[in-house]
Amino acid sequence: MKKNNIILIGFMGCGKTSVGIRLSYKLRRAFLDTDKWIEQKQKKAISDIFASEGEAAFRQMEKDCIRGFIERENNKIISTGGGLPVQEGNCELLKKLGKVYYLRVTPETVYERLKNDTSRPLLAGENPMAKIESLLAQRTPLYEACADVIIDVDGKSFEEILEEIAEKEMGV
Ligand code: S3P
């Protein structure tokens, strides 16, 4: 049976965690974040998991995390890692977990928000803008196919984004 969670998906830097925390206050529903959940379970930062165990191991942890959430969680706000919905089989799992909101963002905004951030292993090294553009282009159709609702977030305040989600949740 489908669970009644709100799932936030989207590229790194689209604001899933920041929106999710604010939404949890607004709707008075508990907040969960797949990256935080994995970091707590592994007792390591995501960048250390990538470095020591590799991306494939991290992707398996994400899948296990979502499967566990389907077993246990309901009525929560759940923010997901940017690559989670695009891995084989995960979109179907997210659909079981609840209603999927895609926070759509442009590469320029991602770059501006993350240019001084060192916590994203996939954007580390030379020419982060090229990496953002190619990864986002590759993932966009998958995010869109997984979404029940698409919200363009560029240039919007948190309050505007929260309003849009709250309206959808109340069926307005
Ligand atoms: C990733 C996004 C990150 C984190 C990991 C991989 C990705 O999460 O899961 O670094 O593949 O896009 P955020 O989207 O919260 O940055």
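By class, how many nonpolar, polar and charged residues does the lining of the largest pocket have? Let's work towards that by looking at the pocket itself, keeping in mind that this is a predicted model.

The largest pocket holds about 520 Å³ of space. Its lining takes in 28 residues, and those closest to the centre of the pocket are Met12, Asp35, Ile46, Gly81 and Arg120. Several helices help to build this lining: helix 1 (16-27), helix 2 (34-42), helix 3 (46-53) and helix 4 each supply at least two residues. And here is the reply to our opening question: the lining has eight nonpolar, 11 polar and nine charged residues.

What takes up the space of the largest pocket? It is the ligand, so let's turn to the shell around it. There are 14 residues around the ligand, and Lys16, Asp35, Arg59, Arg120 and Arg139 come nearest. Sorted by class, the shell divides into five nonpolar, three polar and six charged residues. Helix 4, which spans residues 55-72, gives the most to this shell, with three residues.

Now follow the oxygen atoms of the ligand to their polar partners. One ligand oxygen lies 2.7 Å from an N or O atom in the side chain of Arg120. The backbone takes part too: a polar backbone atom of Gly82 is 2.8 Å from an oxygen atom of the ligand, and a polar backbone atom of Gly83 is 3.2 Å from a ligand oxygen. As for cover, the ligand taken alone exposes 390 Å², and the protein buries 95% of that.

Methods
Residues are numbered from 1 along each chain as its sequence is written. This is a predicted model: local features need pLDDT of at least 70, side-chain atom pairs count only at pLDDT 80 or more; totals for chains, interfaces and linings use all residues. Side-chain values use heavy atoms; hydrogens and water are left out. A residue is near a molecule or strand if one of its heavy atoms lies within 4 Å of it. A polar contact is a pair of N or O atoms within 3.5 Å; within protein, one must be able to donate a hydrogen and the other to accept it, and residues adjacent in sequence count only if both atoms are side-chain atoms. Accessible areas come from the Shrake-Rupley method with a 1.4 Å probe; for residues, only the protein chains shown count as cover. On a 1 Å grid over the protein atoms alone, a cavity is a set of points where a 1.4 Å probe fits but cannot get out, and a pocket is an open set with protein on both sides within 12 Å along at least five of seven lines; lining residues have an atom within 4 Å of a point. A molecule sits in a cavity or pocket if more than half of its atoms lie within 2 Å of its grid points. Helices (H or I, at least four residues) and strands (E, at least two) are DSSP runs, numbered from the N terminus. Ala, Val, Leu, Ile, Met, Phe, Trp, Tyr, Cys and Pro count as nonpolar, Asp, Glu, Lys and Arg as charged, and the others, Gly among them, as polar. Grid points are joined across faces, edges and corners, and a volume is the space filled by probe spheres set on the points.
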